[in-house]
Protein chains: 2
Amino acid sequence: MTDDSTLSALHGHGEKPTLRTLAQATGFSVATVSRALANDPRIAAKTRATVAEMAKRLGYIPDRAARRLRTGRTQVISLLLNTEHEFLGFTHEFLTGITETLAGTGYSVTVVPDSPGEDRIGPVRTILRNNLADGLLFTRTEAFDPRVRLLMEADFPFVSHGRTEFTAPHPWVDYDNETFARQAVAYLVAKGRSRICMVLPGDQFTFTQHLRYGFVSAAREAGIAHDIVPGVTLDSPTAAIAAALAEARRGPNPPDGYVCVGEVTALVALAALADTGAVHGVDADIVAKRASPIFDNIRPRIGTVFEDLRATGRAMAEMLLRRMAGEPPERLNRLFQPDPPR
Amino acid sequence: MTDDSTLSALHGHGEKPTLRTLAQATGFSVATVSRALANDPRIAAKTRATVAEMAKRLGYIPDRAARRLRTGRTQVISLLLNTEHEFLGFTHEFLTGITETLAGTGYSVTVVPDSPGEDRIGPVRTILRNNLADGLLFTRTEAFDPRVRLLMEADFPFVSHGRTEFTAPHPWVDYDNETFARQAVAYLVAKGRSRICMVLPGDQFTFTQHLRYGFVSAAREAGIAHDIVPGVTLDSPTAAIAAALAEARRGPNPPDGYVCVGEVTALVALAALADTGAVHGVDADIVAKRASPIFDNIRPRIGTVFEDLRATGRAMAEMLLRRMAGEPPERLNRLFQPDPPR
DNA sequence: TGTCCGAATTAAAACGTTATAATTCCTCTA
DNA sequence: TAGAGGAATTATAACGTTTTAATTCGGACA
């Protein structure tokens with residue numbers, strides 16, 4: 001019961017403790033120890049307590065590789081990280097929310113690069129095929145996103161950042177971009193603006209449609225001139241966006257209101273104003289979504305709406321845990337509401 | 001030689017192929033197949049070719065869990081992610097550089113949150129003790145960083161972002177912050193500035209000392225007044241930094257030059273100028289390090305130095321691979337040189 | 001013709017779990 | 001007192017690798 005190896009384990013000098021160590025130390029079999037640690041009710045309560053105490057004393061931690069090999073569960077959650085574009089601070093806040101939530105759950109988070117120009121479905125295929133994770137998180141969801149389709153077919157747990165237009169339900173977390181756009185337009189209207197414009201993300205993303213719809217219908221309802229800046233998207237090089245905005249300012253009726261989804265675009269718009277001698281708050285107003293605290297320090301102050309991406313990350317991670325625990329997808333979704341611009 | 005299971009495997013309908021599948025398909029034993037795939041010279045060249053071809057045909061991929069269990073190698077690299085503070089875009093760029101470099105090497109990248117106020121060594125202990133990774137990357141290195149000490153003792157591969165003052169060599173990647181500070185001072189001197197100030201990161205970080213030394217000695221050599229803004233660090237809440245900078249402007253001799261290490265600080269400084277009616281380029285100049293392209297669009301334009309954090313991430317990942325391959329630490333270090341401010 | 005050698009291959013064990021299918025052993029009933 | 005029933009525990013196999021220690025099998029040599 002207390003042979004050499006047990007003793008050395010007790011004194012912490014020995015090797016990493018395994019179930020066998022615990023079995024030797026307690027006098028039970030490996031099978032019983034395993035069950036006891038899993039709190040199997042078929043094991044006597046007293047035995048469970050004994051084993052638990054010894055496990056704690058020896059600092060036993062189950063071996064991930066062994067468990068993974070045996071059960072097929074990886075204890076890994078993968079995040080597809082867009083390597084090209086980000087709103088400022090997006091990755092940091094989002095990832096922090098995810099890792100914060102998953103810390104202590106036994107899941108580890110792996111980051112897989114996802115180059116947008118290239119095959120978006122390849123990394124997902126690899127993960128499915130090689131069983132590299134138990135769940136998946138990703139962003140920049142498209143209306144008929146092939147990743148969503150594949151994952152639904154494979155019945156693999158995931159949460160998308162952004163909705164799709166598939167009829168079958170799946171878990172998602174999204175931000176109410178239509179309402180954001182409506183509120184942004186209302187903000188500009190309240191400032192007396194009547195010729196507003198907006199730079200949109202690429203057409204393939206679902207949230208682009210929400211933004212467009214909110215922007216266009218709110219502007220129509222207000223009866224003001226409105227324009228989607230042509231030829232560029234949020235992901236265009238900033239120089240191209242700058243050129244497009246400068247071009248717009250040279251026309252006979254330059255815009256007097258800007259709805260900006262990203263912070264960089266807002267800065268570009270501000271620069272476009274400054275570079276053409278226009279004064280923010282006098283000749284035009286800007287309202288933007290922000291993910292970082294940076295705009296508190298931008299002068300002139302523009303109207304901003306804060307999107308809490310850390311909370312988004314947390315929500316997605318929590319939802320994925322619930323999905324992996326077997327909850328059906330129907331009710332697993334959450335739409336974050338924007339505060340009005342300030 | 002081509003029984004049912006082989007056939008189904010060949011047609012891709014079957015289960016995930018394992019060494020046993022390959023063994024059945026080729027007629028060799030599992031042991032031979034394993035060796036052949038490892039290119040063991042003791043296996044006949046012809047056999048190796050046969051096995052390799054079959055592996056490719058069936059899309060065989062070794063099981064990570066099994067390999068990890070058997071060899072003890074995890075095929076995982078962990079990154080300690082600071083959850084509290086970041087320069088804008090730091091996390092995104094840095095992480096992208098790392099994942100880019102590691103894609104295709106068979107290593108996966110896990111992110112572990114590292115809360116700075118708390119125990120910095122705990123996550124490292126956990127990783128070592130539970131064998132959760134084969135290598136470690138981290139940032140915000142301190143002069144006598146306890147993580148570095150522990151990892152050196154354990155002879156565990158790692159690369160720190162930032163140097164230490166330990167005598168024993170270890171792999172690191174750093175940015176020449178002393179030179180950055182000197183160049184920044186020179187830039188302000190060239191603008192005719194004579195009362196410059198700087199907000200530093202916390203004293204515990206090694207790079208803070210480099211910044212301070214570069215700033216102070218360059219200012220002394222130039223014979224101009226210089227001041228470290230007291231009571232706040234880069235990690236202070238921006239409101240506190242803003243208050244400290246505003247306070248400094250109220251004095252009889254407000255600063256006319258600002259050296260900013262982070263982008264947020266630079267914006268705060270700009271705001272402080274604007275809020276006190278001072279004009280950038282006339283009453284004062286600002287020079288800042290930037291990690292994102294954002295400053296191209298800030299008006300007024302301030303002097304900036306670009307720190308390429310994606311390249312930093314790549315360099316650290318590459319260095320870690322070399323360290324894990326057994327290269328000694330002596331020559332594994334790299335100091336990125338700043339370009340002069342523009 | 002028997003023996004030895006080396007090249008090529010393989011059987012088997014092990015890594016640390018979990019799950020299936022026994023096996024104890026005690027108590028209760030007829 | 002035999003047998004059934006059930007609670008508690010355990011032996012064993014398996015997950016897919018790698019590696020140690022055989023084993024096979026020609027051919028070279030005496």
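**Helix packing, DNA contacts and local geometry in a predicted model**

In this predicted model, helix H2 (residues 19-26) of chain B and H3(B) have axes that come within 8 Å and cross at roughly 105°. Angles of 65 to 115 degrees count as roughly perpendicular. H2(B) and H3(B) are therefore roughly perpendicular to each other. From H2(B), the contact is made by B:Leu19, B:Arg20, B:Leu22, B:Ala23 and B:Thr26. From H3(B), the partners are B:Val30, B:Val33, B:Ser34 and B:Leu37. By class, this contact holds six nonpolar residues, two polar residues and one charged residue.

A second helix pair joins the two chains. Helix H6 (residues 90-102) of chain A meets helix H6 (residues 90-102) of chain B, with axes that come within 6 Å. The two axes cross at roughly 80°. H6(A) and H6(B) are therefore also roughly perpendicular to each other. On the chain A side, A:Thr91, A:His92 and A:Leu95 make the contact. On the chain B side, B:Thr91, B:His92 and B:Leu95 do so. The contact of H6(A) with H6(B) has two nonpolar and four polar residues, and no charged residues.

The DNA comes next. Strand C has 26 residues around it. Of these, A:Ser34, A:Arg35, A:Arg70, B:Thr32 and B:Arg35 come nearest. Among the atoms of DNA strand C that come within 4 Å of the protein, sugar and phosphate account for 54%. Individual polar pairs involve phosphate oxygens of this strand. One such oxygen is 2.8 Å from a polar side-chain atom of A:Tyr60. Another pair links a phosphate oxygen of DNA strand C to an N or O atom in the side chain of A:Arg67, at 3.1 Å. Chain B takes part through its backbone: a polar backbone atom of B:Ser29 is 2.9 Å from a phosphate oxygen of DNA strand C. H3 and H5 of chain A, together with H3 and H5 of chain B, each supply at least two residues of the surface near this strand. That surface divides into 12 nonpolar, six polar and eight charged residues.

DNA strand D also has 26 residues around it. Here A:Thr32, A:Arg35, B:Ser34, B:Arg35 and B:Arg70 come nearest. Of the atoms of DNA strand D within 4 Å of the protein, 54% belong to sugar or phosphate, and the rest belong to bases. Two polar pairs with phosphate come from chain B. The side chain of B:Tyr60 places an N or O atom 2.9 Å from a phosphate oxygen of DNA strand D. For the side chain of B:Arg67, the distance from an N or O atom to a phosphate oxygen of DNA strand D is 3.1 Å. A base is contacted from chain A: an N or O atom in the side chain of A:Arg70 is 3.4 Å from a base nitrogen of DNA strand D. The elements that give two or more residues to the surface near this strand are helix H3 (30-37) and helix H5 (64-71) of chain A, together with helix H3 (30-37) and helix H5 (64-71) of chain B. By class, the surface near DNA strand D has 12 nonpolar, six polar and eight charged residues.

On the scale of the whole chain, chain A is divided into three parts: domain 1 (4-62), domain 2 (71-175 + 310-336) and domain 3 (177-306). Domain 2 is thus written as two segments. The C-alpha centres of domain 1 and domain 3 of chain A lie 62 Å apart.

Some backbone details remain. In chain A, the peptide bond from A:Arg299 to A:Pro300 is cis, with omega near -5°. A:Pro300 is found in the loop between strand S9 (285-290) and strand S10 (303-306) of chain A. In chain B, a cis peptide bond joins B:Arg299 and B:Pro300, and omega is about -5°. The loop that holds B:Pro300 runs between strand S9 (285-290) and strand S10 (303-306) of chain B. B:Gln75 has a phi near 60°, a positive value in a residue other than glycine. B:Gln75 lies in the loop between H5 and strand S1 (76-82) of chain B.

Notes:
Residues are numbered from 1 along each chain as its sequence is written. Chains are lettered from A and ligands numbered from 1 in the order in which they are written. This is a predicted model: local features need pLDDT of at least 70, side-chain atom pairs count only at pLDDT 80 or more; totals for chains, interfaces and linings use all residues. Side-chain values use heavy atoms; hydrogens and water are left out. A residue is near a molecule or strand if one of its heavy atoms lies within 4 Å of it. A polar contact is a pair of N or O atoms within 3.5 Å; within protein, one must be able to donate a hydrogen and the other to accept it, and residues adjacent in sequence count only if both atoms are side-chain atoms. Helices (H or I, at least four residues) and strands (E, at least two) are DSSP runs, numbered from the N terminus. Ala, Val, Leu, Ile, Met, Phe, Trp, Tyr, Cys and Pro count as nonpolar, Asp, Glu, Lys and Arg as charged, and the others, Gly among them, as polar. Axes are lines fitted to C-alpha atoms, for helices over the stretch in contact, and angles run from 0 to 180 degrees between N-to-C directions. Angles under 35 degrees count as roughly parallel, over 145 as roughly antiparallel, 65 to 115 as roughly perpendicular and the rest as oblique. Contact means heavy atoms within 4.5 Å. Domain bounds come from an automatic or database domain assignment.
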